[in-house]
Each structure stands twice: as structure tokens, then as C-alpha cells.
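Reader: I would like to learn how to read empty space and packing in a model. Could you take me through it with an example?

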Amino acid sequence: MGIYIGKRVLAIIPIILFSTLLMFVMIRVGPVDPAEAYLAAAHIQPDDEVLAAKRHEFGLDQPLLTQYVQSVGRLLRLDFGHSYLSNMPVWGEVAQKLPATLQLASASIVLALVVSIPLGVLAAIYKNRLLDHVIRVFAYIGACVPVFWIGYLLMFFISVKLEWLPVEGRGSVQHLILPSITLALWLIAIYARLLRTTVLEELKEAYVRYARARGIKERVILYKYVLRIAIAPLITGLGINLGKLLTGAIIVEQVFSWPGFGRYFIEAIINRDIPVIQCYVMLSVCVIAGSNLIADLLQLFLDPRIARKGRVSQG
């Protein structure tokens, strides 16, 4: 098991290095010159002399290999440079805005799991009955409707018409309810359908028939044995969809004026603030790779046979 975990951890390193190389190439071959973007953000007229001086300051006149090595070294030190707009260290500004995004994402994940697991189990238990049809229709709608439209609907009916919750901003727990529901709804739809399918498949397995033959209660079979195995794909899906969760957080933060990293990133794109964009991309890569690693380790905890299967396949 320790060897399996070590290999999974080491597999992240080439992913991150490839991401740094891809980001470096895209910036260098892209139509936006970092020096020109900086001068435009600072409202400085870029003549040839000023542009050459700024390119030398950024090291853009050095060989590409040297630039790449220096860029990777800075990224490893969490040195993303200074924002073109505020002229403040990017990592310092991100550290101030990231907690808001993490709070929103964490609340959405918890809400998605708390709601989707019971819905998926109930849909499997009452297969092809009214409750199953209702849950499946809800899941279909939740997966198809755009996130921003859900946010505007919730804002209009609950905040504007009924005046139950604040319209926008961050402060109390009440400010968190609508954004977290908006961000969690599509996850609930996906996980409820996924769990329904896996529970139905597990109920057909031989160990379930054996447990029933021994007289074990159906509730014990479902929650102690079936659900433990059926929930493994859900954990994998959570790791895979975490990147989409960050993307969805950008939209939700814009809709509800949530002062998180997503709004900061949108402003960086509009103003071609390349250091901030680099920080967002690298942070997203690390989060996605780390979440997939955590999902694999959780699956290994739930089903230790995974490590044995890995050794057998290598053998």
C-alpha cells in the first residue's frame, strides 16, 4: 500500500511540470506581450525604448530555456511577481481572496454530499416508482440548467421578491446560502444519478444475496456493505469535478458579488494581468492534481483491493 501511495504522489510531479511548460509556451507564443500588457495596465505609452527596458526587466530578452528555468524556480517559491494593476505581490493578494473561494467551495461540496447521497439511495430503493422519477427529473434539470441562470433565479425570487436572504456580498452565514446552493446544484444532480446507478449494480452482486440468505436486515446490507462500495465512484467524481467547481465558482462569485479568487481572476483576464492569470492556472492545476490524489487515497481506504490490483497488473 505504501508503494502504491508513493507512486501516486510522484505522478503529480510531471503533471505540474508539464503544466508550467504549457503555460510558458502559451504566454510566449500568444498575441499579448507581457511588457506591453504591463505598460497598458499602468497607462504608459509604450515607445520602443520603454518597451525594451521593460522587456529586459522581465527577462524577456534572455534565451527561452533560461526564461523557463527561472519561471519554474519562481513558481516553486510561490513568487508569481507583482500584479500589473495594483503593483502588489500576486500571492499576497491571492492569500487574501482565496479564503472566500475556499469557504464557498467547501460549503457547496458539503451540501452536495449531504443532499445527493440520500437522493441517490432513495432513487435506487424506489426504482421506477414515483419518488425515483421525481429525483431523476430533478437531477436532469440540475445538470442541464446553466449555473448563472440558477443563481439569478434564486436571487430574484428568494432575495428580491421574498427578501429572505441578502442579495450579494460576503458576511454572515446568510450570505453563503444562495451561492453555495447555486454552486452545489449541478453536483447534486450528477452524484444522485451516479449513486443510484452504482447502488443498483451492487444490489445485484453475490455478496448481497449471501447476506440476505443469512438473514441480515436489508437496511444493514444497504448502509454497511453496499453504500461503502457504491460511494467509491462518487469520491472519484468529486476529485475530477473539483476543477469544474473552481470554474463554477468564478461564475457564482460574479453573480453574487462574492469577493473571492474567481472575481480577481476575471478582472485579471479583462486587464491582461498575466502574473495573476499564471497564479490562477498553477493553483488550479495543483488543486485538481491534489484532489484526485486525495480521492484515490480515500478509495484505497474504502477498498484496499485497489493496491493489490495495481501490483497484480504490474506483475
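**Pockets, a cavity and two cores**

Author: Let's start with the second largest pocket, which holds about 320 Å³ of space. Please keep in mind that this is a predicted model.

Reader: How many residues line the second largest pocket, and which lie nearest its centre?

Author: Its lining has 15 residues, and M23, M26, I27, I274 and I277 are the ones nearest the centre. Helices α2 and α14 are the elements that each give two or more residues to this lining. By character, the lining divides into eleven nonpolar residues, three polar and one charged.

Reader: What is the volume of the largest pocket?

Author: The largest pocket has a volume of about 530 Å³. Five elements are worth finding on screen here, since each gives two or more residues to the lining: α2 (12-29), α3 (34-41), α4 (48-57), α5 (64-76) and α14 (274-302). Helix α5 provides the largest share, five residues. There are 23 lining residues, with F58, R74, G81, Y84 and P275 nearest the centre. Ten of the lining residues are nonpolar, eight are polar and five are charged.

Reader: Is α3 largely enclosed or largely open, and why?

Author: The idea is to count residues under 20% relative accessible area. In α3, six of the eight residues are buried, so the helix is largely enclosed by the rest of the structure. The buried ones are P34, A35, A37, Y38, L39 and A41.

Reader: Now for enclosed space. How many cavities of 30 Å³ or more does a search of the whole structure find?

Author: The general idea first: rolling a probe the size of a water molecule over the atoms shows where empty space is left. In this model, the search finds one cavity of 30 Å³ or more. The largest cavity contains about 40 Å³ of space. Its lining consists of P166, V167, E168, G169, Q174, H175, L178, P179 and F256. That lining divides into five nonpolar residues, three polar and one charged.

Reader: Let me look at S159 too. Is S159 buried or exposed?

Author: S159 has 6% relative accessibility, so it counts as buried. This serine lies in helix α8, which spans residues 147-161. Its side chain reaches two backbone oxygens: that of L165 at 3.2 Å, and that of P166, also at 3.2 Å. Leaving out residues up to four places away in sequence, S159 touches L154, L165, P166, V167 and L178. On the cavity side of the picture, P166, V167 and L178 are among the lining residues.

Reader: How should I read a nonpolar core? Which residues of the largest one touch the most other members?

Author: Begin with the best-connected members. The largest nonpolar core has 47 residues, and L183, L195, V199 and L245 touch the most other members. Then look at who contributes: α6 (90-125), α8, α9 (173-202), α10 (206-213), α11 (218-230) and α12 (232-255) each supply at least two residues of this core. Helix α9 gives the most, 13 residues.

Reader: What is L195 in contact with, leaving aside its neighbours within four places in sequence?

Author: L195 contacts S116, I117, G120, V121, L227, A230, I231 and L234. There is also a second, separate core of 26 residues, including A35, Y38, A268 and L283. Two of those names should look familiar, since A35 and Y38 are among the buried residues of α3.

Technical notes: Residues numbered from 1 in each chain as written. Predicted model: local features only at pLDDT ≥ 70, side-chain atom pairs only at ≥ 80, totals over all residues. Heavy atoms only, no water. Helix = DSSP H or I, 4+ residues; strand = E, 2+ residues; numbered from the N terminus. Buried < 20%, exposed > 50% of the residue type's maximum accessible area, 1.4 Å probe, protein only. Polar contact = N/O pair within 3.5 Å; in protein donor to acceptor, adjacent residues only side chain to side chain. Contact = heavy atoms within 4.5 Å. 1 Å grid on protein atoms, 1.4 Å probe; cavity = no way out; pocket = protein on both sides within 12 Å on 5 of 7 lines; lining within 4 Å. Points joined across faces, edges and corners; volume = space filled by probe spheres on them. Nonpolar A, V, L, I, M, F, W, Y, C, P; charged D, E, K, R; others polar. Core = buried A, V, L, I, M, F, W, Y, C linked by side-chain atoms within 4.5 Å.
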